[in-house]
Amino acid sequence: PGNGALITAEWVFTYDDLPAASTKNMELLLPDNSVIVDAYWETIETFAGGTSYDIDMVDTAGSAIGSGTDKLWDALLLATINAVGERSQSSTHAGTNSGNALNIAITEPCQLAVAATGTFTSGKARIVIEYMKAKPV
């Protein structure tokens with residue numbers, strides 16, 4: 001896709017294999033000089049047991065991009081994701097810092113990081129991130 005075109009990146013994960021910061025070559029990284037437009041959660045298999053997830057974009061060392069914390073979803077509650085087909089959009093989620101990673105310049109490659117609050121016992125999800133590469137000046 002050309003510069004300025006909307007591009008999607010997708011992660012599928014289970015409650016016991018959450019995306020985390022890594023320097024492995026197989027991790028999906030969003031490129032620097034891009035902007036996240038929005039992000040979407042979809043429950044594929046029912047989640048149970050935990051309280052919530054905080055979902056962020058981090059560099060390979062695990063440092064959050066932008067300002068604040070939990071910048072895609074802040075406290076995505078179990079009640080929101082406990083049924084197959086449940087969906088949540090980062091830009092409209094009510095968490096205090098939800099959506100903070102949207103529409104800011106990414107200055108270095110970044111990746112998805114998901115942290116659980118409580119002990120989840122089941123669940124599988126898909127997160128799709130829409131982003132654009134910066135147009136040349």
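## Fold, core and salt bridges of a predicted chain

Of the 137 residues of the protein chain, 39% count as buried. The coordinates are those of a predicted model, and every value below was computed from them.

The secondary structure comes to one helix and six strands, and from the N terminus on these elements follow the order β-β-β-α-β-β-β. The C-alpha trace spans about 50 × 30 × 25 Å along its principal axes. The radius of gyration of the protein chain is 14 Å, which agrees with the value near 14 Å that a compact globule of 137 residues would have. When contacts between residues at least 6 apart in sequence are considered, 81% of them join residues at least 24 apart. The protein chain exposes about 6,900 Å², and carbon and sulfur atoms supply 50% of that area.

**The nonpolar core**

The largest nonpolar core has 29 residues, and those that touch the most other members are Leu-30, Trp-41, Ile-55, Met-57, Leu-72, Leu-112 and Ile-129. Two or more residues of this core come from each of strand S1 (6-14), strand S2 (34-58), strand S3 (73-77), helix H1 (78-81) and strand S6 (111-133). For Leu-30, leaving aside residues up to four places away in sequence, the residues touched are Ala-9, Trp-11, Ile-36, Met-57, Ile-106, Pro-109, Cys-110, Ile-129 and Tyr-131.

**Salt bridges**

The count of salt bridges comes to four, and the table gives three of them, among them two that involve Glu-42.

| Pair | Closest N to O distance |
|---|---|
| Arg-87 and Glu-42 | 3.2 Å |
| Glu-42 and Arg-126 | 3.1 Å |
| Asp-56 and Lys-71 | 3.5 Å |

The pair of Arg-87 and Glu-42 forms a salt bridge that links distant parts of the chain, with Arg-87 in strand S4 and Glu-42 in strand S2, 45 residues apart. Glu-42 also forms a salt bridge with Arg-126, and here strand S2 is linked to Arg-126 in strand S6, 84 residues away in sequence. The two arginines fall into separate accessibility classes: Arg-87 counts as exposed because its relative accessibility is 57%, over the 50% cut-off, whereas Arg-126, at 25%, counts as partly exposed.

Asp-56 and Lys-71 meet through their side chains in a salt bridge; Asp-56 lies in strand S2 and Lys-71 in the loop between S2 and S3, so the pair ties together parts that are 15 residues apart in sequence. Both of these residues, Asp-56 and Lys-71, are buried, and for Asp-56 that class follows because its relative accessibility is 9%, under the cut-off of 20%. The side chain of Asp-56 also reaches the backbone nitrogen of Lys-71, at 3.4 Å. Elsewhere, salt bridges that share partners join Glu-10, Glu-42, Arg-87 and Arg-126 into one network.

**Positive phi angles**

Ala-75, a residue other than glycine, has a positive phi near 60 degrees, and its place is in strand S3, an element that gives two or more residues to the core described above. With a relative accessibility of 31%, Ala-75 counts as partly exposed. Asn-103, also a residue other than glycine, has a positive phi near 60 degrees, but Asn-103 lies in the loop between strand S4 (87-89) and strand S5 (105-106). Asn-103 is exposed, its relative accessible area being 57%.

Technical notes
Residues are numbered from 1 along each chain as its sequence is written. This is a predicted model: local features need pLDDT of at least 70, side-chain atom pairs count only at pLDDT 80 or more; totals for chains, interfaces and linings use all residues. Side-chain values use heavy atoms; hydrogens and water are left out. A nonpolar core is a set of buried Ala, Val, Leu, Ile, Met, Phe, Trp, Tyr and Cys residues joined through side-chain atoms within 4.5 Å. Buried means under 20% relative accessible area, exposed over 50%, partly exposed in between (1.4 Å probe, protein chains only). Helices (H or I, at least four residues) and strands (E, at least two) are DSSP runs, numbered from the N terminus. Contact means heavy atoms within 4.5 Å. A polar contact is a pair of N or O atoms within 3.5 Å; within protein, one must be able to donate a hydrogen and the other to accept it, and residues adjacent in sequence count only if both atoms are side-chain atoms. The radius of gyration is taken over C-alpha atoms; the globule rule is 2.2 Å times the number of residues to the power 0.38. Accessible areas come from the Shrake-Rupley method with a 1.4 Å probe; for residues, only the protein chains shown count as cover.
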